[in-house]
Amino acid sequence: MGAKSIVRLKITLDRVEPAVMRRIIVRFGVRLERLHRIIQAAMGWSGGHLWEFRAGGTGWGPRNAYEFGDGPLDASKATLLSVIEDVGGKTIRYIYDFGDDWQHTIKVERIFADVPGLAQPFLLEATGRCPPEDIGGPQGYREMLDALADPKHARHDEL
């Protein structure tokens, strides 16, 4: 297992129904800052909000994005491989938009030897549509789905 190994990740958006899940293939040596952009593309988010990876009590996020406290470690300097090796597990958390609090569980499902010529990142599987941004998090998304499903709902026409 090294930086050139390829890893299959299962990314699940927590606390939403219907389920939203993506499986992607990336190099194990991918920097967390790049992994953030890959997840944004795979999920359908725009990337306009603060974000952070968390594992083993440590956080990694965008450099110089926080105006308060120490903030997380610089995600441009950490790789998925180094985080997994440091925490000794195969699951990390990804939080996007601290206001809406979209929480994702990222699981390393399988590690493969390098496959020359295989383009990465690669979206392997997608289940469910990603909620729209700025909808109010999982609770706001549930309310939106209820309103869309009921033509008599007070917010049906608006949404």
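This is a short talk on the strands, aromatic pairs and a few single residues of one protein chain.

Good morning. One caution before we begin: this is a predicted model. Keep that in mind as you look at the structure above.

Let's start with strand E2. E2 covers residues 21–27. How many of its residues are buried? The count is 6 of 7, so E2 is mostly covered, with buried meaning under 20% relative accessible area. Now look at its partners. Strand E1, residues 6–13, pairs with E2 over 7 bridges. The two run in the antiparallel sense. Find Val-7 and you can find its bridge partner, Val-26 in E2. E2 also pairs with strand E8, residues 122–127. That pairing is antiparallel too, and has 5 bridges. Here Arg-23 stands opposite Glu-125 in E8.

One general point while strands are on the screen. In a regular strand, side chains alternate between the two faces of the sheet.

Next, strand E3. It takes in residues 51–55. Of these 5 residues, 4 are buried, so this strand is mostly covered as well, by the cut-off of under 20%. Which strands does E3 pair with? One is E6, residues 91–96, joined to E3 by 4 bridges. The other is E4, residues 58–61, joined by 3 bridges. E3 runs antiparallel to E6, and antiparallel to E4. On the E4 side, Arg-54 stands opposite Gly-59. E3 and E4 make a hairpin, with 2 residues between them. Look at Gly-56 in that turn: its phi is positive, about 55°.

On the E6 side, Phe-53 stands opposite Tyr-94. Hold on to those two names. They come back in a moment.

Now the aromatic rings. There are 4 aromatic pairs in the count. Take Trp-45 and Tyr-96. Their ring centres are 5.4 Å apart, and the planes meet at 45°, which makes the pair tilted. Where do the two residues sit? Trp-45 is in the loop between helix H1 (32–43) and E3, while Tyr-96 is in strand E6. They are 51 residues apart, so this pair links distant parts of the chain. Are they buried or exposed? Trp-45 has a relative accessible area of 6%, so it is buried. Tyr-96 is at 0%, so it counts as buried too.

Back to Phe-53 and Tyr-94. Their ring centres are 4.9 Å apart. Their planes lie at 40°, so this pair is tilted. Phe-53 is in E3 and Tyr-94 is in E6, so the pair ties together parts 41 residues apart in sequence. Phe-53 has 1% relative accessibility and counts as buried. Tyr-94, at 0%, counts as buried as well. Put this beside the strand pairing: Phe-53 and Tyr-94 face each other across E3 and E6, and their rings form a tilted pair.

There is also a cluster. Trp-45, Tyr-96 and Trp-102 form one aromatic cluster.

Trp-45 leads us to Cys-130. This cysteine is in the loop between E8 and H3. Why does it count as buried? Because its relative accessible area is 18%, and the cut-off is under 20%. Leaving out neighbours within four places in sequence, Cys-130 is in contact with Val-20, Arg-22, Met-43 and Trp-45. Consider Met-43. It is 87 residues away along the chain, yet the C-alpha atoms are separated by 5.9 Å.

Now helix H3, residues 137–149. Its 13 residues should span 18 Å, at 1.5 Å a residue. The end C-alpha atoms are 18 Å apart, so the two values agree. Which of its residues are buried? Gly-137, Pro-138, Gly-140, Tyr-141, Met-144 and Ala-147. The buried residues of H3 pack against strand E7, 102–112.

Last stop, Ser-76. Find it in the loop between strand E5 (73–74) and helix H2 (80–87). Its relative accessible area is 13%, so Ser-76 is buried. Its side chain makes a polar contact of 2.7 Å with the side chain of Asp-74. Not counting residues up to four places away, Ser-76 touches Arg-31, Glu-33 and Arg-63.

That's the tour. If you take one thing to the viewer, turn to Phe-53 and Tyr-94, a tilted pair between strands E3 and E6. Thank you.

Terms used
Residues are numbered from 1 along each chain as its sequence is written. This is a predicted model: local features need pLDDT of at least 70, side-chain atom pairs count only at pLDDT 80 or more; totals for chains, interfaces and linings use all residues. Side-chain values use heavy atoms; hydrogens and water are left out. The expected span of a helix is 1.5 Å times one less than its number of residues. Buried means under 20% relative accessible area, exposed over 50%, partly exposed in between (1.4 Å probe, protein chains only). Contact means heavy atoms within 4.5 Å. Two strands pair if DSSP finds at least two bridges between them. Rings of Phe, Tyr and Trp (its six-membered ring) pair if their centres lie within 6.5 Å; planes under 30 degrees apart count as stacked, over 60 as edge-to-face and the rest as tilted. A polar contact is a pair of N or O atoms within 3.5 Å; within protein, one must be able to donate a hydrogen and the other to accept it, and residues adjacent in sequence count only if both atoms are side-chain atoms.
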